[in-house]
Amino acid sequence: MTSLECYLLLSALLFSIGLAGALTRRNAIIVLIGIELMLNAANLNFIAFWRYSEHPEALTGVLFVIFSIAVAAAEAAVGLALIIAVYRHYKTTHLDQVDSMKG
Amino acid sequence: MTVVFAIIALVTLGGAIAAMRLRNLVHCALCLVVAFGGLAAVFLQLDAQFVGLAQILVYIGAVAILIVFAILLTRGSEPPMQPVLTPSWVMGVGVAVLVFGSLAAAMLSSFVTHALTNPKADVAADVAVQRVGEKLMKDYVLPLEVVALLLTAALIGAVIIAVQEKRK
């Protein structure tokens with residue numbers, strides 16, 4: 001059986017990849033994808049700790065992840081709507097060019 | 001570490017790296033689907049059937065498609081790819097490596113992860129999904145309703161934000 005550390009390392013790697021993408025890429029959609037990857041890495045941690053915990057029958061980690069997925073879906077919907085609104089305004093999704101607060 | 005886990009982990013990480021590195025945005029979205037699918041497989045391997053299937057439904061079925069739609073709606077705005085080794089790229093990757101290093105050091109030195117080496121034997125498959133439903137309807141019914149309200153508000157908000165502005 002795989003040990004808990006392997007899952008945690010996989011989750012940490014996924015989080016770091018998402019963070020690197022969100023920090024280095026300049027396209028707003030790719031930044032959003034990076035944030036989604038980081039959220040998923042956190043979900044993996046919840047599930048791994050739940051599975052290896054003393055009382056898995058309490059299902060705490062599973063239920064937390066279900067709510068977290070729902071919140072992430074709402075975040076993705078609003079985030080992409082914002083990106084489309086910004087695109088309509090500036091005709092670009094390049095983050096460096098979206099730098100003014102004036103309309 | 002089992003062979004199955006190693007394969008799934010490699011596929012997931014490869015998909016994630018490709019999603020962050022590829023130039024073509026549609027390819028990025030498709031690689032993101034691979035990463036999400038690999039994560040769903042990890043969830044299923046950890047006996048979390050409901051979460052694994054919800055991951056496939058929500059992320060591959062909804063979020064990835066939503067991202068593809070956003071990419072196609074904002075087509076033709078892709079910035080020219082800057083040369084790879086810019087200072088901001090080095091800074092971003094450096095911060096990510098630092099974060100990974102501190103996370104890995106913390107979990108490798110922690111006594112908790114060493115104490116929890118073997119999972120509890122049987123979280124029977126069908127019972128687990130049934131128990132999730134029972135918990136959602138009994139103990140967690142208030143958070144469930146709040147999440148329903150949040151999703152409604154988020155979807156209405158997304159429509160209002162994205163809807164075409166009226167010409168004045």
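**View 1. Chain B from end to end.** From the N terminus on, chain B runs α-α-α-α-α-α-α. It holds seven helices and zero strands; helices (H or I, at least four residues) and strands (E, at least two) are DSSP runs, numbered from the N terminus. This is a predicted model, in which local features need pLDDT of at least 70 and side-chain atom pairs count only at pLDDT 80 or more, while totals for chains, interfaces and linings use all residues. Residues are numbered from 1 along each chain as its sequence is written, chains are lettered from A and ligands numbered from 1 in the order in which they are written, and side-chain values use heavy atoms, with hydrogens and water left out. Of the 168 residues of chain B, 30% count as buried; here buried means under 20% relative accessible area, exposed over 50%, and partly exposed in between (1.4 Å probe, protein chains only). Among contacts in chain B with a separation of 6 or more, 51% come from residues 24 or more positions apart, a contact being heavy atoms within 4.5 Å.

**View 2. Helix 1 of chain B and its buried face.** Helix 1 of chain B (residues 3-21) has 19 residues, which at 1.5 Å a residue should span 27 Å, and its end C-alpha atoms are indeed 27 Å apart. The expected span is 1.5 Å times one less than the number of residues. Which residues of this helix are buried? They are B:F5, B:I8, B:A9, B:T12, B:L13, B:G15, B:A16, B:A19 and B:M20. Seen down the axis, these buried residues fall within an arc of 160 degrees, so they line one face of helix 1 of chain B; the arc is that of the directions from the helix axis to the C-beta atoms. Their cover includes helix 1 (4-24) and helix 2 (28-51) of chain A, together with helix 2 (25-45) of chain B. On the other side of the helix, look for the exposed B:V3, B:I7 and B:L10.

**View 3. Helix 1 of chain A, with A:S11 and A:S3.** The 21 residues of helix 1 of chain A reach 30 Å from first C-alpha to last, close to the 30 Å expected at 1.5 Å a residue. Since 17 of those 21 residues are buried, the helix is largely enclosed by the rest of the structure. A:S11 belongs to this helix and is buried, at 4% relative accessibility. Leaving aside residues up to four places away in sequence, A:S11 touches A:A41, A:L44 and A:N45. A:S3 sits in the segment before helix 1 of chain A and is partly exposed, with a relative accessible area of 26%. A:S3 and A:Y52 are 49 residues apart in sequence, yet 9.0 Å apart in space, C-alpha to C-alpha.

**View 4. Helix 3 of chain A beside helix 7 of chain B.** Helix 3 of chain A (residues 60-90) and helix 7 of chain B (residues 141-162) pack at an angle of about 10 degrees, with their axes 9 Å apart. That makes the two helices roughly parallel. Axes are lines fitted to C-alpha atoms, for helices over the stretch in contact, and angles run from 0 to 180 degrees between N-to-C directions; angles under 35 degrees count as roughly parallel. Contacting residues include A:F67, A:A74 and A:R88 on one side and B:L144, B:L151 and B:I161 on the other. By class, this contact has 19 nonpolar, no polar and one charged residues, where Ala, Val, Leu, Ile, Met, Phe, Trp, Tyr, Cys and Pro count as nonpolar, Asp, Glu, Lys and Arg as charged, and the others, Gly among them, as polar.

**View 5. The two faces of helix 7 of chain B.** With 22 residues, helix 7 of chain B reaches 32 Å from its first C-alpha to its last, close to the 32 Å expected at 1.5 Å a residue. B:V147, B:A154 and B:A158 are buried here. They cover an arc of only 30 degrees around the axis, which puts them on the same side of the helix. The buried residues of helix 7 of chain B pack against helix 3 of chain A. The face turned away from them carries the exposed B:L142, B:L149, B:V159 and B:I160.

**View 6. Helix 3 of chain A beside helix 3 of chain B.** The axes of helix 3 of chain A and helix 3 of chain B (residues 49-73) come within 10 Å and cross at roughly 5 degrees. These two helices are therefore roughly parallel. Residues that meet here include A:V62, A:I69 and A:Y87 from chain A and B:F50, B:Q55 and B:L73 from chain B. The contact divides into 20 nonpolar, one polar and no charged residues.

Note on methods
Parallel < 35°, antiparallel > 145°, perpendicular 65-115°, else oblique.
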